[in-house]
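Trainee: I would like to take a close look at one part of this protein and understand how it sits against its surroundings. Could you walk me through one helix slowly, beginning with its residues?

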Amino acid sequence: VLIKIGRADLVSHMTEIANKVAASSSRQAEEEALLADAPEEFLCPIMSVIMTEPVILPSSGKVVDRTTIARHLLSDQSDPFNRAPLTMDQVKVDEDLKKKVNDWIQSKKAK
């Protein structure tokens, strides 16, 4: 189709994009496999993903990933565990857990 409309030059660009997407997908799959045996304490209780930015919810005391709670708060401005009002400026970074998670990830990647 691109040749018919005189845009054969786009074929190489589209091929390049497809190759980049495939490489990125492969890297992500490898990383997911590498980190598949994460300790339970490193997993977000809402989405079961590794918490790279763990934050503490003030009213429930639960620890969740910042991205997950930020998405939740876009549609519901409450703590998902006890329904207390919540805003992003109220959450606090769990520095100790963040360090443990980062250290564990680095040790897995070093192997």
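Mentor: Let us begin with helix α2, keeping in mind that this is a predicted model. Within α2, the residues T68, I69, H72 and L73 are buried, a word that here stands for a relative accessible area under 20%. These buried residues lie on the same side of α2, because the arc that they cover around the axis is only 130°. If you now turn to the other side of α2, you find L74 and S75, which are exposed, and exposed means that the relative accessible area is over 50%.

The next step is to ask what lies over the buried residues of α2, and the cover includes the strands β1 and β2. To place these strands, look at the sheet as a whole: it is an open sheet of 3 strands, arranged in the order β2-β1-β3, with antiparallel pairing. The edges of the sheet are taken by β2, residues 63–65, and by β3, residues 92–93, and since each of them has a single partner strand, one side of each is left without a neighbour in the sheet. Strand β1, which comprises residues 54–56, is joined to β2 by 3 bridges, and these two strands run antiparallel. You can follow the pairing at the level of residues as well, for I56 has V63 in β2 as its bridge partner. Helix α2, which covers residues 66–75, packs on this sheet and touches β1, β2 and β3, while its direction makes about 85° with that of β2.

With that part in view, we can set the helix and the sheet within the protein chain, whose secondary structure comes to 3 helices and 3 strands. Read from the N terminus on, the elements follow one another as α-β-β-α-β-α. Buried residues such as those in α2 should be seen against the whole, where 23% of the 111 residues in the protein chain are buried. Among the contacts in the protein chain with a separation of 6 or more, 42% are between residues 24 or more positions apart.

Finally, consider the overall dimensions: the radius of gyration of the protein chain is 20 Å, whereas a compact globule of 111 residues would have one near 13 Å. The C-alpha trace spans about 60 × 40 × 20 Å along its principal axes, and the accessible surface of the protein chain comes to about 7700 Å², with 56% of it belonging to carbon and sulfur atoms.

How values were computed:
Residues numbered from 1 in each chain as written. Predicted model: local features only at pLDDT ≥ 70, side-chain atom pairs only at ≥ 80, totals over all residues. Heavy atoms only, no water. Pairing = 2+ DSSP bridges. Helix = DSSP H or I, 4+ residues; strand = E, 2+ residues; numbered from the N terminus. Contact = heavy atoms within 4.5 Å. Axes fitted to C-alpha atoms, helices over the stretch in contact; angles between N-to-C directions. Buried < 20%, exposed > 50% of the residue type's maximum accessible area, 1.4 Å probe, protein only. Arc of directions from axis to C-beta. Rg over C-alpha atoms; globule rule 2.2 N^0.38 Å. Areas by Shrake-Rupley, 256 points an atom, 1.4 Å probe, with all protein chains shown as cover.
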